[in-house]
Amino acid sequence: MIEHTLSLCYHNKLILAPMVRVGTLPMRLLALDYGADIVYCEELIDLKMLQCKRVVNEVLSTVDFVAPDDRVVFRTCEREQNRVVFQMGGMGAALLSDPDKIEKILSTLVKGTRRPVTCKIRILPSLEDTLSLVKRIERTGIAAVAVHGRKREERPQHPVSCEAIKAIAETLSIPVIANGGSHDHIQKYLDIEDFRQATAASSVMVARAAMWNPSIFLKEGLRPLEEVMQKYIRYAVQYENHYTNTKYCLCQMLREQLESPQGRLLHAAQSSQEICEAFGLGAFYEDVTRELNARRAELLARTPEAVGEPAEDPSGVIKMAVKFDRRAYSPQITPKMCLLEWCRKEKLAQPVYDTVQRPLDRFFCSVVTVAEQKYQSTLWDKSKKLAEQAAAIVCLRSRGLPEGRLGEESPSWHKRKREATDQDPGGPRNQEQAVPGELCKKLFVALGSGEESPLEGW
């Protein structure tokens, strides 16, 4: 695990622990605001990072590491530059069974980078083996070791072993960071120091207690959850965090309030805008979106060569300023589906989409060709899929065809759906679909039980 500065100290620090799906930029910034000294990002797989391209995002004032599929794998900003720790590795505690590999990886990192390297482990079945392992780890030259005081197979409901962490702290000369106290020890700020003393550790790393309410790091005490969640949402919007990740983190904060009126609104939200509206931040979302769009326009005006507009077709491209708004369409029927259905009915070749990406902000624009005529929306979108849906809308509206908007579905489409249902009554079309609220609850239960959820989601 490598952090971003040579001067970072691991003595007497409050640390946000690495948490899958939780430790993204909005949560890290929130933890810093409430008093955390150091924040770990979520665990990232090294192979994914090797595939990423480093991009300076001038619109958001961030540095992004972007995967080939245009997904932002890691995003950071100046606010956390001297405080963020980048965590990478395999899955969970898998390396514990291979001490030789642990030593080789850490030694290579220490020799190959000017950045301090830290390591996070769980305890082994015997204290003797654990102490032997941490001594080997210390000899690699790392700056600190974080110890989760549970065995690899143990879950949050199992008691954390303060004695094992203390034995490690008394054995090593490098800082030891105590982790695993959320369930038994840490419910408020003062508990963090009690846990540190019980483990004789140099610093304390907090995971679930910080996930539930990041103001756990605040000396003055916990802030009201509503206030904390609104502050988190503001960061999520300002840094264009994917709404599924924002929604997941908010579900963890709500916990037992998931069935409250506000929890139900969160369940139903299918975009960042809808999440904001559920928490009374609709106007804030509109203001920030306007500001970011203005910033994009300003940057594009200064760098016209970066626009990358699709080339004009000699026969002319029919253009409209339209966007695809998911809320206006049935989940089962989209403009692309309607256009494909119409082409089949008219015995035309299926639509061909030509999509380009603008280098400056990585937005997309698509041109669809139907019956040798090209159609394009003049508005750029955040994803390739949205851009293609917008192009399909332009074609359908130009031809006066139904586009699948709610209350405007094609009779032939209804017929095909009924036929499919009659032919396969037990098929996937008739199976009950999981609602967003149920998904949130399942994810929360999985996390609480310590089981790994299969959903990646962003």
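**Notebook: strands, a sheet and a helix pair**

I began with strand E7 (residues 72–77), where five of the six residues are buried, so the strand is largely enclosed by the rest of the structure. I note at the outset that I am working from a predicted model.

I then looked up the partner of E7 and found strand E6 (residues 62–66), which runs antiparallel to E7 and is joined to it by five bridges. Following the pairing residue by residue, I found Phe65 opposite Phe74 in E7. The two strands form a hairpin with five residues between them, and I recorded that Asp70 takes a positive phi near 70° in this hairpin.

Next I turned to the open sheet of four strands, whose order I wrote down as E14-E17-E16-E15, with mixed pairing. At its edges I placed strand E14 (317–320) and strand E15 (352–357), each of which pairs on one side only. For the twist I noted an average of 20° from one strand to the next.

Within this sheet I checked E15 against strand E16 (residues 364–370), and found that they pair in the antiparallel sense over six bridges. Here Asp354 stands opposite Val367 in E16.

I also asked myself which helices lie across these strands. Helix H13 (residues 335–345) lies across E15 and E16 and runs at about 15° to E16. Helix H14 (residues 384–398) lies across E14, E15, E16 and strand E17 (373–377), and I recorded its direction as about 40° to E16.

My last entry concerns helix H4 (residues 127–139) and helix H5 (residues 162–171), whose axes come within 10 Å and cross at roughly 40°. An angle under 35 degrees would have counted as roughly parallel, and H4 and H5 are therefore oblique to each other. I entered the handedness of the H4 and H5 crossing as right-handed.

Which residues make the contact between H4 and H5? On the H4 side I listed Leu127, Thr130, Leu131, Val134 and Lys135, and on the H5 side Ala164, Ala167, Ile168 and Thr171. Sorting the residues of this contact by character, I obtained six nonpolar, two polar and one charged.

Key. Residues numbered from 1 in each chain as written. Predicted model: local features only at pLDDT ≥ 70, side-chain atom pairs only at ≥ 80, totals over all residues. Heavy atoms only, no water. Axes fitted to C-alpha atoms, helices over the stretch in contact; angles between N-to-C directions. Parallel < 35°, antiparallel > 145°, perpendicular 65-115°, else oblique. Left-handed = near helix turned anticlockwise from the far one by under 90°. Contact = heavy atoms within 4.5 Å. Nonpolar A, V, L, I, M, F, W, Y, C, P; charged D, E, K, R; others polar. Buried < 20%, exposed > 50% of the residue type's maximum accessible area, 1.4 Å probe, protein only. Pairing = 2+ DSSP bridges.
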